[in-house]
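Welcome, and thanks for taking a look at this one with us. Please have the viewer open beside you, and follow the topics below at your own pace.

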Amino acid sequence: MLRDIERRDFMKGVGTAGIVGLAGCTSGGDGGDGGDGGDGGDGGDGGDGGSTGTETGGGDGGSGSMDRTIQYGVLLPLSGDLGSVGTPMRDAAILPSKQLADADLGGLTVEETVEDTQTSPSAGISAANNLINAGIPGVCGPASSGVNIQVSRQVFIPNQVVGVSPSSTAPSVTDLEDNGFIFRTAPSDSLQGQVVSQVANDTVGASTAATMYVNNDYGQLLSQAFVSAFEESGGTIQNEVSFEKQQSSYTSKLQSALSNSPDVLVVIGYPASGVQLFKDYYADYDDGTDILVTDGMQDAQMQKQVGNPMENVMGTAPQPSGPAADAFASAYREEYDRDPSVFNAHSYDAAATLILANAMAGENNGTAVRDAIREVSNPDGTEVTVENLAEGVTMAANGEAINYAGASSAVDFDDNGDMKAVSYSVWQFAPDTETGIEVVETIQFEA
């Protein structure tokens with residue numbers, strides 16, 4: 001089933017506050033976006049590293065030397081609360097360089113450098129500084145909004161390095177004073193709140209709801225976006241309960257959230273915390289309440305770890321629906337012998353865009369890469385996809401007009417560095433399927 005959301009409906013459901021100041025995707029946000037949002041004081045050393053990245057080419061606009069190495073970074077959570085989500089995202093982000101390793105790029109080579117945020121702002125800042133010191137001009141990541149916002153403010157922006165997050169969905173990312181250096185291939189959670197509300201209304205038939213959300217930008221702002229949209233549609237919010245990541249018990253939090261017997265419980269968090277939360281729910285509160293989760297909880301292993309089929313749980317997540325979605329899925333399976341999962345297509349697109357922009361820029365320079373990103377990704381030009389990426393790199397290096405058509409979406413950036421058009425899936429856990437996740441509906445949104 002496919003459903004369209006028009007911009008006017010989105011604006012009505014989310015409201016002005018949802019667009020201007022919500023906080024999103026998966027975290028202060030990592031994962032679906034996940035990471036701590038709190039730790040603003042961490043990493044005062046964010047100014048470390050060279051000011052613009054090491055220049056190894058000469059010239060601009062594709063006029064630089066063809067005998068050089070295109071560099072990009074991958075800064076994702078390989079451990080911590082989002083480790084299970086971030087590792088396959090990492091694999092997707094390094095797939096473009098694997099594809100290009102044996103290609104004839106006319107003297108160009110491509111090299112990625114990988115760092116682990118540990119799903120932590122302080123660790124993310126330290127890892128980002130490592131990339132800056134290595135002369136990396138553009139980075140795929142971070143994943144969570146909490147980590148992304150801190151890393152962007154303290155490292156990327158002051159050092160004039162491009163950040164393209166594949167999964168940081170906090171609405172507050174849109175409003176960063178970033179001088180044009182911060183992009184994302186994932187959609188804002190201002191929209192996901194509206195999508196969750198529609199599922200609660202139309203699919204569940206709920207008139208009352210409660211939320212449980214991880215206590216960071218991702219959880220707080222996505223909960224806000226849902227509450228705003230649900231109340232606008234005539235629903236009643238009974239309880240809003242925050243929780244900390246990776247606690248030994250969530251029994252008391254569940255008791256607070258479920259105290260008034262809501263028709264639906266919306267849970268916003270990450271897999272590691274989600275496993276314990278759902279173990280506690282099914283042990284003490286398994287009353288058949290419909291539960292909606294968000295992208296940060298989309299982990300096919302969760303049912304097995306919880307020890308329950310979780311048949312009363314449904315989720316939402318950005319849905320890969322770009323022109324090259326099938327080609328990417330095939331390439332990912334061929335390389336890794338498994339299906340891609342949440343935000344994998346977005347990670348590939350972030351990395352591919354950085355590579356093409358670097359080729360167009362002609363040098364490993366953050367400002368030059370920033371200025372080339374929309375040239376290689378927004379119409380017009382020869383279409384470049386997963387299937388002809390090497391050709392696209394060569395064309396970009398020669399200064400020819402190209403249009404990268406992605407796996408997650410068309411990858412057209414607006415003035416804020418956000419996507420112009422995206423899709424969401426409504427999904428369920430499905431242990432008997434190959435992926436462990438079954439998509440039951442697709443909702444499209446065009447800004």
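## A guided look at strands, helices and rings

Strand β7 (residues 208-214) and strand β8 (residues 236-243) run parallel, joined by seven bridges. Please keep in mind as you read that this is a predicted model. The bullets below start with this strand pair, move on to a five-stranded sheet, and finish with aromatic rings.

**The β7 and β8 pair**

- To find the register of the two strands, look for Thr 211, which stands opposite Glu 240 in β8.
- Together with helix α6 (residues 217-232), β7 and β8 make a β-α-β unit, and this unit is right-handed.

**The five-stranded sheet**

- Five strands form an open sheet with parallel pairing, in the order β3-β2-β4-β5-β6.
- At the edges are β3 (108-116) and β6 (182-184), each of which pairs on one side only.
- From one strand to the next, the twist averages 25 degrees.
- As a general reminder, the strands of a sheet pair through backbone hydrogen bonds, in either a parallel or an antiparallel way.

**Around strand β2**

- Is β2 largely enclosed or not enclosed by the rest of the structure? Eight of its nine residues are buried, so β2 is largely enclosed.
- On one side, β2 runs parallel to β3, and nine bridges join the two.
- Gln 71 has Glu 111 in β3 as its bridge partner.
- Between β2 and β3 the chain passes through helix α2 (residues 83-100), giving a right-handed β-α-β crossover.
- β2 also pairs with β4 in the parallel sense, over two bridges.
- Here Val 74 is matched with Cys 140 in β4 as its bridge partner.

**Strand β4, strand β5 and the helix on the sheet**

- Strand β4 (residues 138-140) pairs with strand β5 (residues 162-165) in the parallel sense, over three bridges.
- Cys 140 turns up again in this pairing, where it stands opposite Val 164 in β5.
- Helix α11 (residues 344-361) packs on the sheet and touches β2 (68-76), β3, β4 and β5. The direction of α11 makes about 150 degrees with that of β2.

**Aromatic rings**

- The count of aromatic pairs comes to 10.
- One of them is Phe 183 with Phe 413, an edge-to-face pair at 5.1 Å centre to centre, with 75 degrees between the planes.
- Which parts does this pair tie together? Phe 183 lies in strand β6 and Phe 413 in the loop between β13 (402-404) and β14 (421-429), so the pair links parts that are 230 residues apart in sequence.
- Both Phe 183 and Phe 413 are buried.
- Phe 328 and Tyr 348 form a tilted pair, with 5.4 Å centre to centre and 55 degrees between the planes.
- Phe 328 belongs to helix α10 (residues 325-336) and Tyr 348 to helix α11, so this pair ties together parts that are 20 residues apart in sequence.
- Phe 328 counts as buried because its relative accessibility is 2%, and the cut-off for buried is under 20%.
- Tyr 348 is buried too, with a relative accessible area of 0%.
- Ring pairs also join Phe 328 and Tyr 348 with Tyr 332 and Tyr 336 into a cluster.

**A charge over a ring**

- The charged end of Arg 370 sits over the ring of Phe 181, at 4.6 Å from the ring centre.

Methods
Residues are numbered from 1 along each chain as its sequence is written. This is a predicted model: local features need pLDDT of at least 70, side-chain atom pairs count only at pLDDT 80 or more; totals for chains, interfaces and linings use all residues. Side-chain values use heavy atoms; hydrogens and water are left out. Two strands pair if DSSP finds at least two bridges between them. Helices (H or I, at least four residues) and strands (E, at least two) are DSSP runs, numbered from the N terminus. Axes are lines fitted to C-alpha atoms, for helices over the stretch in contact, and angles run from 0 to 180 degrees between N-to-C directions. Contact means heavy atoms within 4.5 Å. Buried means under 20% relative accessible area, exposed over 50%, partly exposed in between (1.4 Å probe, protein chains only). A crossover is right-handed if, with the strands pointing away from the viewer, the path from the first strand over the helix to the second runs clockwise. Rings of Phe, Tyr and Trp (its six-membered ring) pair if their centres lie within 6.5 Å; planes under 30 degrees apart count as stacked, over 60 as edge-to-face and the rest as tilted. A charge sits over a ring if NZ of Lys or CZ of Arg is within 6 Å of the ring centre and within 35 degrees of the ring normal.
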